[in-house]
4 protein chains.
Amino acid sequence: MNKLKTAILGATGYTGLELIKILLNHPQVDLFFLGANSNHGSTLKSLVSNRSIKKNIRVRRNLEILNIKNVDLIFSCLPHGELPKHLRKFKKLNSKIIDLGGDYRLNKKMNALWYKNKRSEESYKEFQYLIPEINGDKINSKKNISNPGCYATSIILGLAPINTMINNSQSIIVDTKSGTTGAGRSSKVEHSFSETDENLSTYKVGVHQHAPEIEQFIKKIFKKRVKILMVPHLLPIKRGIMSNIYIKNSSILHEEKIYREFKKFYSNSKFVRLLKGSMPSLQNVQNTNICEIGIKILPDKKTLLITSVIDNLIKGAAGQAVQNMNIAYGFDSNLGL
Amino acid sequence: MNKLKTAILGATGYTGLELIKILLNHPQVDLFFLGANSNHGSTLKSLVSNRSIKKNIRVRRNLEILNIKNVDLIFSCLPHGELPKHLRKFKKLNSKIIDLGGDYRLNKKMNALWYKNKRSEESYKEFQYLIPEINGDKINSKKNISNPGCYATSIILGLAPINTMINNSQSIIVDTKSGTTGAGRSSKVEHSFSETDENLSTYKVGVHQHAPEIEQFIKKIFKKRVKILMVPHLLPIKRGIMSNIYIKNSSILHEEKIYREFKKFYSNSKFVRLLKGSMPSLQNVQNTNICEIGIKILPDKKTLLITSVIDNLIKGAAGQAVQNMNIAYGFDSNLGL
Amino acid sequence: MNKLKTAILGATGYTGLELIKILLNHPQVDLFFLGANSNHGSTLKSLVSNRSIKKNIRVRRNLEILNIKNVDLIFSCLPHGELPKHLRKFKKLNSKIIDLGGDYRLNKKMNALWYKNKRSEESYKEFQYLIPEINGDKINSKKNISNPGCYATSIILGLAPINTMINNSQSIIVDTKSGTTGAGRSSKVEHSFSETDENLSTYKVGVHQHAPEIEQFIKKIFKKRVKILMVPHLLPIKRGIMSNIYIKNSSILHEEKIYREFKKFYSNSKFVRLLKGSMPSLQNVQNTNICEIGIKILPDKKTLLITSVIDNLIKGAAGQAVQNMNIAYGFDSNLGL
Amino acid sequence: MNKLKTAILGATGYTGLELIKILLNHPQVDLFFLGANSNHGSTLKSLVSNRSIKKNIRVRRNLEILNIKNVDLIFSCLPHGELPKHLRKFKKLNSKIIDLGGDYRLNKKMNALWYKNKRSEESYKEFQYLIPEINGDKINSKKNISNPGCYATSIILGLAPINTMINNSQSIIVDTKSGTTGAGRSSKVEHSFSETDENLSTYKVGVHQHAPEIEQFIKKIFKKRVKILMVPHLLPIKRGIMSNIYIKNSSILHEEKIYREFKKFYSNSKFVRLLKGSMPSLQNVQNTNICEIGIKILPDKKTLLITSVIDNLIKGAAGQAVQNMNIAYGFDSNLGL
């Protein structure tokens, strides 16, 4: 098989750069196009501090992709709202699109509610929201892929194995913390070093857009209506997400039994690591595509804590996108990762 | 009134140094003795970068205090177990003791359970556990004072105003995070910069010794038996604690009403700041004796989040100890703070 | 004597906030006006987490100061170029001005060269550049005060005692590092946490505007023409400056002798601390008005390293401004500090 | 050719872990033995968060290597003094040794002076100190390799191209800064997060053991006797070294000309990146084997600043060791890097 002729749009943000680094090592990918509206003109070599690049290319404007033929695959790291604006034009390229943004994660109704935008029903149907460990085996190869949000990934992977324990209309507390790269390259004063360093603060408490994303997925895949009570924090670190998920049960829980359920659920998952007798920390997963999960029954014996950690830029974005690509093209799920 | 002839034992740890800085500015205190088993011989001037010290003194060994007469007040920042070992000898000094350690926070039974030590019933009776905002008006002037733990302070101040909402045998989730000075001067590899920086990890999940401290206090003061499900984190920052307290209610909650309860409860408290319409962040309270509290009803409308932040070395230790001293001696509660 | 009726313009930046904290504790100051073009309307209480404020005031627009009579003293923390724009109007207030900005540090010629601005000769003559430890005894009480830059302070204090060792036309290497608050509240991407954390970078190498400021001062006070080769770094910390000053000598140097020269030079300086046998670190001076200096003869025996550390917001800005005020009004130099 | 049967001793320190990560991806290496006196029993999988390991092995005690036959190559990351203690025994294995420690960097005389140890002349002759970009073409394939120190690497790479500009007996100022992993896993209080964070301090000023290492190399390769005046700093970051090298010249310097000398010198070096018109920052090289160099003539026109940055664990240790291995075995110099 020929290598996939692959483009990245929005290539010079934090997610785009991680994607470049992964794809440069992927044996089935020919990374031939990098788009960015800022930084165009700079070279691949200057972007990644890596001398062993075989083919140095220049960053071009995003929409220059429209002039190119035979593009197999487009990873979109475009800012929110940009992909829908140009989707029709992109479709003429007949390339598969993997969107790392939030534009096609929510269904039409939720999108209207959370992002205040109006789009045709049609476009939503062209994207499949895909968490490889959970609905990767149900992939619809004709569709484009909507890559999950970073918080959503860490929380869904923590919740999925105990979905049978969850009641309908249960509300689930998720106390979750993210490093600063989750906000992208930011020029907000509140993201400056002077404001973030040595600090901890919450934001979008109860109103983060990844909550409906999780609720929608849980409903679709596990047929459960739950309420995700998300409390996100900005950590004074660069990368990593830790999500503490609290499940209240009506009867006494057994750690060993729950551990076995997780073990079974993820028996074929190369990128989920379950801990036994210890709890995760961010440094275990930074710079990897691993989701590490620890479980603990709290002292009332009826409250389960699931702690799930990922690298927001890799398992929460670029790495998972490549995992999804691998599935879509029938490669080994961990190829290049 | 003459100034209080005051000593600090264990004066060169992080808490001791904060205490020195506060007491040097306190108009009613004559800080005449600093004890430390390491660092003895060094001078007060070298400890605090402050030229305007009137009287420079040398650090001496802790037990040298026993040779001194007319000590009015001893602040003990000794390591766990040290104060009980020497308590009888200290008592001959007839000084009031304010213990910033954990030796007299739990009652005899809990102490035996959590700290595995056996002591006479008597000694516990000589110490009163005192949170100034809550039982400061019930102070027993004949007793020594046991100063609350840092986590416990942040959590109790968050819980107290809604104690009527709490049911007996309720279990309360507290997702709580602390800076590294909470562990004291540490030579553990896990507290090294290389291990802590850019990391986030939990520790003592469900088994932190401040949980029984909180439970015991809630039971004594509010007659409620609750289970505190504490999940502590080590933050890559030097100082500050943020505690997220989650209360599940059976019926719909009203933020405004709860806010008013908090407002009323803390109407006379100079060191508690309630936020309306925003949530706390650590930088608001670092280097102050303030506890900042924010409240938020989460999207299921039945779960209340109370976020409480303090500086662990000040409101969580040295500052609160001085507040307790002010109460014990009838000074203004914010004198010197 | 009545308290000085004092205003701060540009009061809500990092320097302004430090100044507020210091002046609130100053026994001779009545801080009655806070100006800021952003944040006006907010209260003093909300700016400083300090309950013991006697008089809560609101932040007003900077130019509202013009409507007020009997202002004794104005501290200006206005952005570069703002004070000269309004100086004529301010002069009608007949208040003394202490400028913490860079507008009146350089003489007319250098100002034109470095800041590309043209102003009347006259205005420069109204400001005296004042480093309290060095030319504080030559204060011209009729003039306004131009407060030195943060880097300049640390470097001049390190160089002054050995000015006799410096030859004319000598070029002096200064490898200097600053925390991020030196750049003020910044919305530049390069000052974001994601870009600054875990990083170290140089900037304005050889072209920092504090180099001519130092050269001009050395020339004026010590009659030496030197070239300051400044290499500034941005440190991933919030506050503090460390300046390493390297002096090459033609003959062998004696540490003890140089130490004694420093000791003598600063014998009356309450805010300079000389180290003997050890070298400074930033944590020794953070949150203080101290400049700590260490000296070391390097292994070739002819190169002297002078390491000078300060807190950029205090000794490098607000604290030194208050020191200058104390001198101007004949108060103790460390009053309120 | 068969893969090299390769062992790492001292495999669980920071350098050892980086080495593991690199060697796992090296096509010519069969990493079959990991030694460590602490952590033995743990698995390779648990050490590196990487699921795609083909062969999981257990960490064993370092000296168990002596029971194994046919070991081609040993990387030693043992603590100082350990390798010499056992060298005779290791020699019976007939393996090539690449020492990442400091035991064989200095010659006998300097070793005695700097490390106070006495060893036979012989052992020194068995090791060749090798900086791939500089004396890699003079490799003696019969010898073991002594891998340069991290500071030394950054400084030598900065100095080498202008060695003709350096005079005999010149003393060269090097203001250099390192992240904390340079100190290894540390249990010293001064390396704790609470002491290092938000701080900057110098250490071993003028007496760092990498200074004679550099002097010895410069003398041997370039026949110049120079004095390296090293001023090392501990940075509050995890990894990276920035060395500022200052060269005083008697006549006026031309940046373009010096740039061309550097360009020519490193024309075949894949891992040295010269900057033109900008200066390096640590984030450009972290997690890579690149040394980035910037040059700048300072305002006196006679002082040259060379800024050299590397990742201390990779180009300063594990990466360079693999580069040296590649040269020793005739592989492409960037294989696996």
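1. In this predicted model, strand β5 (residues 96-99) of chain D is a convenient place to start, as D:K96 and D:I98 point one way from the strand while D:I97 and D:D99 point the other way, and all of these residues are buried. The charged side chains of that strand may be worth a look on screen, since D:K96 and D:D99 are buried along with D:I97 and D:I98.

2. The neighbours of β5(D) can be followed on both counts of pairing that are reported for this strand. Strand β4 (residues 73-76) of chain D runs parallel to β5(D) and is joined to β5(D) by 4 bridges, and within this pairing D:L73 stands opposite D:K96. Strand β7 (residues 144-146) of chain D also pairs with β5(D) in the parallel sense, over 2 bridges, with D:I98 standing opposite D:I145. As for the connection, β4(D), helix α3 (residues 82-91) of chain D and β5(D) make up a β-α-β unit that is right-handed.

3. Turning to chain A, the domain assignment divides the chain into domain 1, which comprises 4-148 together with 316-328, and domain 2, which spans 151-311. Taken over C-alpha atoms, the centres of the two domains of chain A are separated by 25 Å. Across the boundary, 18 residues of domain 1 of chain A are in contact with 23 residues of domain 2 of chain A. On the domain 1 side, the elements that give two or more residues are α4 (108-115), α6 (132-135) and α11 (314-328) of chain A, and the largest share, 4 residues, comes from α11(A). By class, this side of domain 1 of chain A divides into 8 nonpolar, 8 polar and 2 charged residues.

4. Chain A also has an open sheet of 7 strands, in the order β9-β10-β8-β11-β14-β13-β12, and the pairing in this sheet is mixed. Its edge strands are β9 (201-202) and β12 (272-274) of chain A, each of which pairs on one side only. Within the sheet, strand β8 (residues 170-178) of chain A and strand β10 (residues 226-234) of chain A pair in the parallel sense over 9 bridges, and in that pairing A:H233 of β10(A) is the bridge partner of A:K177.

5. The contact between chain A and chain B takes 33 residues from each of the two chains. On the chain A side, β8, β9, β10, β11 (241-248) and β14 (303-310) each supply at least two residues, and the largest share, 4 residues, comes from β8(A). The residues of this side of chain A divide into 15 nonpolar, 11 polar and 7 charged. Chain A is superposed on chain B by a rotation of 180 degrees with 0.0 Å of shift along its axis, at an RMSD of 0.0 Å, and the two copies are thus related as by a two-fold rotation axis. Since 100% of the interface residues of chain A are also interface residues in chain B, the copies meet through the same surface.

6. The contact between chain D and chain B should be read separately, and here 17 residues of chain D are in contact with 17 residues of chain B. Helix α8 (residues 193-196) of chain D gives the largest share of the chain D side, 3 residues, and by class that side has 4 nonpolar, 8 polar and 5 charged residues. Chain D can be laid on chain B by a turn of 180 degrees and a shift of 0.0 Å along the axis, with an RMSD of 0.0 Å. For this pair too, 100% of the interface residues of chain D are also interface residues in chain B, so the copies meet through the same surface.

7. A last point concerns a single residue of chain B, namely B:S178, whose place is in strand β8 (residues 170-178) of that chain. B:S178 is buried because 25 other C-beta atoms lie within 10 Å, where the cut-off for a buried residue is 20 or more. Leaving aside its neighbours within four places in sequence, B:S178 is in contact with B:C150, B:Y151, B:P232, B:L234, B:L235, B:I241 and B:N312. By contrast with these contacts, the C-alpha atoms of B:S178 and B:N147, which are 31 residues apart along the chain, are separated by 18 Å.

Notes:
Residues numbered from 1 in each chain as written. Chains lettered and ligands numbered in written order. Predicted model: local features only at pLDDT ≥ 70, side-chain atom pairs only at ≥ 80, totals over all residues. Contact = placed C-beta atoms within 7 Å. Nonpolar A, V, L, I, M, F, W, Y, C, P; charged D, E, K, R; others polar. Least-squares fit on C-alpha atoms with pLDDT ≥ 70 in both. Domains from an automatic or database assignment. Buried ≥ 20, exposed ≤ 12 C-beta atoms within 10 Å, placed from the backbone. Pairing = 2+ DSSP bridges. Right-handed = clockwise from strand over helix to strand, strands pointing away.
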